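User: Could you take a close look at one part of this model for me, the side-chain pairing? Walk me through who meets whom, and how open to the outside each partner is.

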Amino acid sequence: MSGRLAKTLRRDFALYRSHMDVARDPDVYPADRRKAWDRAANARVRVERQIARIEAAGL
């Protein structure tokens, strides 16, 4: 796996995890939780696309 691809995958997965932590935190305002949920969904899509690229490249 190329360095750039691995770096992007790690970054997007870390973003997904951090946004999900906020989205699941009951002490956070509901509006902020919804924003975090949307951002986590976007990050998840990016992670899934990166995985598809890795599989397509046969790595």
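Analyst: Let's start with arginine 44, which is partly exposed at a relative accessible area of 47%. Keep in mind that this is a predicted model. The side chain of arginine 44 meets that of glutamate 48 in a salt bridge, with 3.0 Å from N to O. Glutamate 48 is partly exposed too, at 41% relative accessibility. Both residues sit in helix 2, four residues apart, or about one turn of the helix. So here's a salt bridge within one helix, and each partner is partly exposed.

How many salt bridges turn up in the whole structure? The search finds three, and the other two share a residue, aspartate 12. Side chains of opposite charge can pair when their charged atoms come close.

Take the pair with arginine 11 to begin with: the side chains of aspartate 12 and arginine 11 meet at 2.9 Å, N to O. Is aspartate 12 buried or exposed? Aspartate 12 is buried, with a relative accessible area of just 1%; the cut-off for buried is under 20%. Arginine 11, on the other hand, is partly exposed at 47%. That gives you a salt bridge between a buried acid and a partly exposed arginine.

Aspartate 12 also has a salt bridge to arginine 46, at 3.3 Å from N to O. Now look at where these two sit: aspartate 12 belongs to helix 1 (residues 3-24) and arginine 46 to helix 2 (residues 30-57), so this contact ties together parts that are 34 residues apart in sequence. Arginine 46 counts as partly exposed, with 32% relative accessibility. Put the two contacts together and you get a network of salt bridges linking Arg11, Asp12 and Arg46. Within that network, buried aspartate 12 pairs with arginine 11 and with arginine 46.

While we're on helix 1, there's some ring pairing to check out. A search of the whole structure finds one aromatic pair. That pair is phenylalanine 13 with tyrosine 16, and it comes out tilted, at 6.3 Å centre to centre with 35 degrees between the planes. Why tilted? Stacked needs planes under 30 degrees apart and edge-to-face needs over 60, so 35 degrees falls into the tilted class. As for where the rings sit, phenylalanine 13 and tyrosine 16 are three residues apart in helix 1, so about one helical turn separates them. Phenylalanine 13 counts as partly exposed, at 41% relative accessibility.

Technical notes
Residues are numbered from 1 along each chain as its sequence is written. This is a predicted model: local features need pLDDT of at least 70, side-chain atom pairs count only at pLDDT 80 or more; totals for chains, interfaces and linings use all residues. Side-chain values use heavy atoms; hydrogens and water are left out. A salt bridge is a side-chain nitrogen of Lys or Arg within 4 Å of a carboxyl oxygen of Asp or Glu. Buried means under 20% relative accessible area, exposed over 50%, partly exposed in between (1.4 Å probe, protein chains only). Rings of Phe, Tyr and Trp (its six-membered ring) pair if their centres lie within 6.5 Å; planes under 30 degrees apart count as stacked, over 60 as edge-to-face and the rest as tilted.
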